[in-house]
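Here are a few short exercises to work through with the structure open in front of you. Try each task before you read its solution.

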Amino acid sequence: MARYFKEQDIDEFRECFYLFARSGQINNLDELTVIMRSLGLSPTIQELVSYLKQKNGKMSFADFLDIMHQHSSVENLPDEVIAAFRAADPQNKGTISAKQLRNLLQNWGEGLSVREVDNIFREANVNNNSTVRYADFVKIACAPVPDYY
């Protein structure tokens, strides 16, 4: 599985796995759910049940890496975010005002700070008075952070 993930990611997975699977393996649906959601994924209950069944109800860390690889090919965050923007775009323009986008980023869900939004806007070359093509913005915002940061 090392060929699918960076060493840093595997270390993060390992730390989370052993934090919640104290026996050294996942023995139930609750443990798998907490671990995957703690890692920022959002599998459905059906997916979680399926993953646990594939491993006969118990999962070692190696099995868990296999499941993480399998799930990462299913979950596509950029497409899901673009779909959410489209759902809120009745005229189907493909754009959102920078002011609206700032409001969403700061006040919805785990709101970002003004500084965090300013940094994202700078990275995505967004002017506060402009209109933003949300598909382009999502590609930039969801791009992996380069290793040199």
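Is Phe61 buried or exposed, going by its relative accessibility? Keep in mind that this is a predicted model.

**Exercise 1. Settle Phe61, then look at its ring partner.**

Step 1. Phe61 has a relative accessibility of 10%. Buried means under 20%, so Phe61 counts as buried.

Step 2. Now take Tyr18, which has 41% relative accessibility and therefore counts as partly exposed.

Step 3. A search of the whole structure turns up 8 aromatic pairs. One of them joins Tyr18 and Phe61: the pair is tilted, with 6.0 Å centre to centre and 35 degrees between the planes.

Step 4. Tyr18 belongs to helix 1 and Phe61 to helix 4, so the pair ties together parts that are 43 residues apart in sequence.

Step 5. Zoom out a little: ring pairs link Phe17, Tyr18, Phe61 and Phe64 into a cluster.

**Exercise 2. Find the aromatic pair between helix 7 and helix 8, and describe it.**

Step 1. The residues to pick are Phe121 in helix 7 and Phe137 in helix 8, 16 residues apart.

Step 2. Their rings sit edge-to-face, 6.4 Å centre to centre, with 90 degrees between the planes.

Step 3. Check the surroundings, and you'll see that Phe121 and Phe137 are both buried.

**Exercise 3. Work out which way helix 3 faces.**

Step 1. Helix 3 covers residues 45-54, and its buried residues include Leu48, Tyr51 and Leu52.

Step 2. Those three cover an arc of only 95 degrees around the axis, which puts them on the same side of helix 3.

Step 3. Turn to the other side of helix 3, and you meet Gln46 and Lys53, which are exposed.

Step 4. What lies over the buried residues? The cover includes helix 2 (29-38) and helix 4 (61-74).

Step 5. Just past the helix comes Asn56, with a positive phi near 55 degrees.

**Exercise 4. List what His71 touches.**

Step 1. Start with its place: His71 lies in helix 4.

Step 2. Its relative accessible area is 1%, so His71 is buried.

Step 3. Leaving out residues up to four places away in sequence, His71 touches Met36, Leu41, Ser42, Pro43, Glu47 and Tyr51. Tyr51 should ring a bell, as it is one of the buried residues of helix 3.

**Exercise 5. Describe how helix 1 and helix 2 cross.**

Step 1. The axes of helix 1 (residues 7-20) and helix 2 come within 10 Å and cross at roughly 150 degrees.

Step 2. The crossing is right-handed.

Step 3. On the helix 1 side, Cys16, Phe17 and Phe20 take part, and they meet Glu31, Val34, Ile35 and Ser38 of helix 2.

Step 4. Sorted by class, this contact has 5 nonpolar, 1 polar and 1 charged residues.

**Exercise 6. Do for helix 6 what you did for helix 3.**

Step 1. In helix 6 (residues 98-107), look for Ala98, Leu101 and Arg102, which are buried.

Step 2. Seen down the axis, the buried residues fall within an arc of 100 degrees, so they line one face of helix 6.

Step 3. The face turned away from that buried side carries the exposed residues Lys99 and Asn107.

Step 4. The buried residues pack against helix 5 (77-87), strand 1 (95-97), helix 7 (114-123), strand 2 (131-133) and helix 8 (134-141).

Step 5. After helix 6 comes Gly109, whose phi is positive, near 60 degrees.

Conventions:
Residues numbered from 1 in each chain as written. Predicted model: local features only at pLDDT ≥ 70, side-chain atom pairs only at ≥ 80, totals over all residues. Heavy atoms only, no water. Buried < 20%, exposed > 50% of the residue type's maximum accessible area, 1.4 Å probe, protein only. Helix = DSSP H or I, 4+ residues; strand = E, 2+ residues; numbered from the N terminus. Arc of directions from axis to C-beta. Contact = heavy atoms within 4.5 Å. Axes fitted to C-alpha atoms, helices over the stretch in contact; angles between N-to-C directions. Left-handed = near helix turned anticlockwise from the far one by under 90°. Nonpolar A, V, L, I, M, F, W, Y, C, P; charged D, E, K, R; others polar. Phe/Tyr/Trp six-rings, centres within 6.5 Å; stacked < 30°, edge-to-face > 60°.
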